[in-house]
There are 2 protein chains.
Amino acid sequence: MEDEVQHWINRYMDAYMMVTRQVGARIKDSIAADTTNDQYQILRLINAQEQCTSTYLAETFCVGKSSITAIINRLVQAGIIERTRDENDRRQVYLSMSEHGKSVFEAAESQVHEVVAPYLFHFEKKDIETFIMMFEKLASLIQNDNGGKSQ
Amino acid sequence: MEDEVQHWINRYMDAYMMVTRQVGARIKDSIAADTTNDQYQILRLINAQEQCTSTYLAETFCVGKSSITAIINRLVQAGIIERTRDENDRRQVYLSMSEHGKSVFEAAESQVHEVVAPYLFHFEKKDIETFIMMFEKLASLIQNDNGGKSQ
DNA sequence: AAATATAGTTCAACTGTAGAACAGTTTCAT
DNA sequence: ATGAAACTGTTCTACAGTTGAACTATATTT
């Protein structure tokens, strides 16, 4: 029983590392050379979030706020992201994509689509649903378990 | 149909990023502070590979060989890894764990186990098998598709 | 009004990455 | 056998990402 769990974890870690690394490398090759994978992930979060803040990104990305400042500074520098202060609470800074940013992001999205989509055709529709649902369940389990190391 | 594929990809990317980041953060918190996640992944590869070389690590990890040199230098510095030249082909350098390295690695393994294992109990045995098998199939599809962007 | 909390930035030190130039070693063609 | 080509790994420089502590500015609490 313990052995079985250990065995699953090893297989999961092996497959996981392989997929993470290889997909990451392919995505990097396909998106514009001056956009990094981390920057693309940040853009996805900003795109999906109304009135996105640094604090939200830091928590979701599991890094300190100073890392977010560094990434956002580069994206602002590149004219992709704009900062807007909230006039009601001037501590808050909302992050949004400029017009140029939107087109960079959309180009990256479609490149990622082209990289990932071909792999889907090797699987049954039903299995894809199951796989994604399990992944989502895992994500939500982890998310609802913040801080509590046990359980 | 195209929409369905797009939708799958978005859901996959969302769940994938969440799981990657959160699991990464939890593993980092649990393993020794002076070992990074990337270093741990490298140790897993070295552990699994007889006569491991930099070239093998670079290919598997999808990075340039100079990145591997940098990581290995730090691990050698920390007394975790040892380099051994092949006397038959003096270009090759085999990487292996020192006794200290082995104990560091085993401690990390058991910490990772403690972090990951609890999540498994939320799933059916059958579903875990399916999930891991799909992950492995995906990994092997990607691996057998080196360079060829299409198909 | 003063203390406390919150949002974000700055800074220094470090890890990881890329790519080009390089050194040493082996293989291969002539 | 010799010189060219191929291969393994390292060095170097520049940059992206991360951390954690110190800091600024603003809002909230008491």
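At what angle do helix α2 (residues 37–48) and helix α4 (residues 65–77) of chain B pack, and how many Å apart are their axes? The legends below, which describe a predicted model, start with this pair.

**View 1. Packing of α2(B) with α4(B) within chain B.** The two helices meet at an angle of about 90 degrees, and their axes are 11 Å apart. Because angles of 65 to 115 degrees count as roughly perpendicular, α2(B) and α4(B) are described as roughly perpendicular to each other. From α2(B), the residues in contact are Q39(B), I42(B), L43(B) and I46(B), and these face I68(B), I71(B), I72(B), R74(B) and L75(B) of α4(B). By class, the residues of this contact comprise seven nonpolar, one polar and one charged.

**View 2. Crossing of α1(A) and α3(B) between the chains.** Helix α1 (residues 2–30) of chain A and helix α3 (residues 54–61) of chain B cross at roughly 75 degrees, and their axes come within 8 Å. These two helices are therefore also roughly perpendicular to each other. M17(A), M18(A), R21(A) and Q22(A) represent α1(A) in the contact, while E59(B), T60(B) and F61(B) represent α3(B). Three nonpolar, two polar and two charged residues make up this contact.

**View 3. Relation of chain A to chain B.** A turn of 180 degrees, with a shift of 0.0 Å along the axis, lays chain B on chain A with an RMSD of 0.1 Å. This is the relation of a two-fold axis. In chain B, F131(B) has the C-alpha nearest the axis, at 2.9 Å from it. Of the interface residues of chain B, 100% are also interface residues in chain A, so the copies meet through the same surface.

**View 4. Protein surface around DNA strand D.** Strand D is surrounded by 27 residues, of which the closest are T36(A), S66(A), R74(A), K28(B) and T55(B). At least two residues of this surface come from each of α2 and α4 of chain A and α1, α3 and α4 of chain B. Helix α4(A) gives the most, with five residues. The surface is divided into four nonpolar, 13 polar and 10 charged residues.

**View 5. Individual contacts with DNA strand D.** Sugar or phosphate accounts for 69% of the strand atoms within 4 Å of the protein, and bases for the rest. A backbone N or O atom of G64(A) is placed 3.0 Å from a phosphate oxygen. For R83(B), a side-chain N or O atom lies 2.9 Å from a phosphate oxygen. A polar side-chain atom of R91(A) is 3.4 Å from a sugar or linking oxygen.

Methods:
Residues are numbered from 1 along each chain as its sequence is written. Chains are lettered from A and ligands numbered from 1 in the order in which they are written. This is a predicted model: local features need pLDDT of at least 70, side-chain atom pairs count only at pLDDT 80 or more; totals for chains, interfaces and linings use all residues. Side-chain values use heavy atoms; hydrogens and water are left out. Copies are superposed by least squares on the C-alpha atoms of residues with pLDDT of at least 70 in both. Contact means heavy atoms within 4.5 Å. Axes are lines fitted to C-alpha atoms, for helices over the stretch in contact, and angles run from 0 to 180 degrees between N-to-C directions. Helices (H or I, at least four residues) and strands (E, at least two) are DSSP runs, numbered from the N terminus. Angles under 35 degrees count as roughly parallel, over 145 as roughly antiparallel, 65 to 115 as roughly perpendicular and the rest as oblique. Ala, Val, Leu, Ile, Met, Phe, Trp, Tyr, Cys and Pro count as nonpolar, Asp, Glu, Lys and Arg as charged, and the others, Gly among them, as polar. A residue is near a molecule or strand if one of its heavy atoms lies within 4 Å of it. A polar contact is a pair of N or O atoms within 3.5 Å; within protein, one must be able to donate a hydrogen and the other to accept it, and residues adjacent in sequence count only if both atoms are side-chain atoms.
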